[in-house]
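Colleague: I have the model open and would like a close look at a single part, the nonpolar interior. Please take me through it in one go, with the cut-offs for your terms.

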Amino acid sequence: MKPLLPTDHRISRRTFIKSGIVLASAIPALGRRPLRAATPEPDGQLFALFQNPPAAARPFVRWWWNGNKLTADEILRELDVLHDAGIGGVEINPIAFPGGDDLAIPSMDWLSPEWIDMVNVALQGASERGMICDTIVGSGWPFGAEFLTDDDRSQLLTLTARKARGAGRVEWPVADVLAQAAPEVGSKYAGATAAIEALYLAPVQMDVFRPPVRLPFDANADVLRIDIPEGEHILYVLVKSVGFQAVINGAPGASGPVLNHYRQEAVERFLSRMSERLFPALSGGARFRALFCDSMELEGANWCPDFPAEFRRRRGYEVEPYLPFILYRVGHMGQALDAAAATTLTGAAKEEVARVRHDFFATCMELVRDRFLTPYTQWCRRHGFRSRVQAYGREFHLLEASLPVDIPECETWMWSNDGGEARDFARHPAYTNVNKFVASAAHYAGRRVVSCEEATNTEAVFNATLERLKVTGDQSNLSGVTHSIVHGFNYSPAAAPLPGWVRYGMYLNERNPWWPHFRLWTDYKARLSAVLQASEAFADIAVLHPLADLWTRYGPQREPFPERAHPPYQHRVWEGIHHNGNACDYISESLLQQGVAADGWFRYGDRRYHTLLLLEVESLAPATAAAIARFAARGGRVVMVGCAPSKSTGRRDYRRRDRRVAHTMAAMRRDGTGRVWLVEAPDDDVVRWFGNIQRQCGIRPYLRLDRPNEYVGQIRHRTARQDLFFLSNCHTETPFTIACAFDDVAGVPWLWDPETGERYRLPTADDGRLWLTLPPAASRLVVFDAAAAGPLWTDPPSMAGGLALDGWRLRMEHVDGTVQEHPMAAPGDLAADERTRAFAGRLCYETDLDHAAATAEWLDLGRVYGVSEVALDDRPLGRRWYGQHLYRLPPPPATRRSLRITITTTLGNYFKANPANAVGQAWTRRQPWQPVGLIGPVRLR
């Protein structure tokens, strides 16, 4: 496919935000802070940017306008809540009402005058608070609306089939045919239509491809009557469904059938309806930053009226004879379902049909690119906005589709917990398969903002903790994300009964018990995003996935949750690379063809790589094979995993093109001794596997770790004057101490603390290495900068041993307003006792200290589920919200008579135990009971 090379149409940031606005903190101890305008900082000012992040770096929220049940006062109230919590912007996202008490507030239709008035209130309110505002186009996903008609609605060509024996006549009721071919979509549109498109008769087995016989039929008949010749056959019926899918969770005015993304006229009519009605009515000078396109979950849509002609023009042959063998019954989200009967393809016929399958889906992607994505990005820019798109799914090239997008977006999920055991974020990471593709495209396009729908939460609603949010967000950054759009904040009036209106999400709401602590995370994330956006992501290895082979064998997958990965380990290889101290971008065939190889490096724009890794790539375009061979001949390193490419892509003239690919690759392997390797595929341990490849192929890491493991990941960013390394431990219970040797860096190592905005000198060992301690769920931002005076960083000591504290008084302040007090010998999990496991709110543990505590320097709370606060003789010692809850005690002769520990919990167990709360029960009844409170042991040292 020809990539869409980006054209950078930037507009002034002052169009989006007003500077000099004061941000009110939700936590009094943090004070009040200004939100600066999001203007780039020169490298010398990177630390100042880190200390005072701009609004554009702060987390945004997806702001679900539930049912469009809106008032101006409530919009402004919620903007205040978000602003005080350190949120930098919102994405207006009208969506279907989720249920519950709607307070008799009427809904507004999307694009109605009264709805546009509310948009203006939100835009002006965000601007006055120094916040940024995006909006989704339409409502829900994918694009669609009630006003779409005929060919403007999505179309699907599918089939059903049966065995037929002749000679004789087959009678098949049309209603049965249509029912059998109907797509099993998750969001059906009631007004869908379906009709038989074609009938074919094919043999039950083919070794050499022969076109099926197209049969005539009466389009007006209620029963198909087909004369079958002698022998056994497969009777295929192709069915075209129009408007088969409804917008998922569409709000009033933008629900109804999904748009036909394969038809440019339909796309432009849909977009024009919004731009003609909304954009001229925007008032007060406030503007959107970007217009957003959510997930392209088109449920398998694959057709438009001129598809056969477009296929012939792009591929050079007719697709029609192959349709019975490449189409399939469609299941949920476009999944291929087995037909009741099908021709068994073997030998040359199987190979030929597989190559046509590749060409069919390549044509689908090109049409969606040319007729939807390109018009969409052009429409955004024409009206002075940036495009923000989740450009992946069956209809998009996983990498190239994000190239023309101004703000490409991916997604990271918050999965359910298993009831108390530490979630294994290494084996079940939060980032999705698409993140690395999207981030790589941004790098090639020279874009530093990689947006992420972050902490998408449909399984652990009301049980999300700030610790899990931190690890989830850190994993986003490791996968290439530089900006978080949190999923999400529900528009929900304060008068709505607890928990209010909940569409999805982490329950970001001022009635969440831990909401007063939420800014601890937003400040942390803002500082981290600020430096990542102001620097360039580094990579020294390019990875080519076998996308063409995937499309040829199975067709494109539903990303980011594919039915199958090919090869099975494909989405974990980058972890092995990064955990061993290198970094990678993904690359596509088109980018390889356009790049330049010289002096041992492959270059595309400002990106350069010394190694190209091919993941079981069998099929390549001949031009790609030539580009890879040229890279090896000019000193580059080529590592082929599992196999060497030997075939070409697509059907047209494939035998001659196969020979070209095979000859090119054979010559490269023959002449590339010392530069070309064929290595075995990894087993389950990709970290160990890539470490072996480094040694086998002479790949030198820029960060040498003494003991790489699956829990500690890293990325590298650079400016003209600094090298930045972000390391993160995703294990929530185990600390790691690692020795790090950094190559090709200049200056002095500093630790920049995103939680506080402070920086500290890092001590180096005599051999020049840094010893870094990563406590559970912790991260470190190491910056090499010019030498300067500053405080020295010291890690807290090991807390093995120490004096265990017992004899506690517990005060339980429940969210329902009740208060209980009782003594306890030692802290423990309140969920283990049926009398207390439904608790939600604040837990206050108090104990008296004796003379043995007089010389202690540290307090370790042990295991904690929630946010902790500690006071010694009513003197606050701070808060901890993830990982190790360790507090430094004030030095003697400070008084040490009483200790108070306050733990703030989640709401999940309370709703799980409360059948009367329908909204809470809907989300929690299938979730396991979660641990509650201070588990301990609490120790002094």
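Modeller: Gladly; I will start from one helix, move into the interior and finish at a hairpin.

A word on the ground rules: this is a predicted model, so local features need pLDDT of at least 70 and side-chain atom pairs pLDDT 80 or more, while totals for chains, interfaces and linings use all residues. Residues are numbered from 1 along each chain as its sequence is written, and side-chain values use heavy atoms, without hydrogens or water.

Look at helix α3, residues 113-128. Helices here are DSSP runs (H or I, at least four residues), strands likewise (E, at least two), both numbered from the N terminus. The expected span of a helix is 1.5 Å times one less than its number of residues, so the 16 residues of α3 should cover 22 Å, in agreement with the 23 Å between its end C-alpha atoms. Its buried residues include W115, I116, M118, V119, A122 and L123, but also N120 and S127; buried means under 20% relative accessible area with a 1.4 Å probe, counting protein chains only. Just after the helix, G130 takes a positive phi of about 75°.

Now step inside. A nonpolar core is a set of buried Ala, Val, Leu, Ile, Met, Phe, Trp, Tyr and Cys residues joined through side-chain atoms within 4.5 Å. The largest such core has 229 residues, and W65, F360 and Y376 have the most contacts inside it. Helix α8 (residues 347-382) is its main contributor, giving 14 residues.

W65 takes us back to α3. With neighbours within four places in sequence left aside, W65 is in contact (heavy atoms within 4.5 Å) with W115, M118, V119 and A122, and also with L70, I75, I92, N93, P94, I95 and Y491. In soluble globular proteins, nonpolar side chains tend to be buried together.

Apart from this largest core lies another, of 28 residues, among them M824, F839, L861 and Y887. M824 is a good place to end the walk, as strand β38 covers residues 819-824. β38 pairs with strand β37 (residues 808-814) in the antiparallel sense over six bridges; two strands pair if DSSP finds at least two bridges between them. Across the pair, R809 stands opposite P823 of β38. Four residues lie between the two strands of this hairpin, where G817 has a positive phi near 95°.

How values were computed:
Buried means under 20% relative accessible area, exposed over 50%, partly exposed in between (1.4 Å probe, protein chains only).
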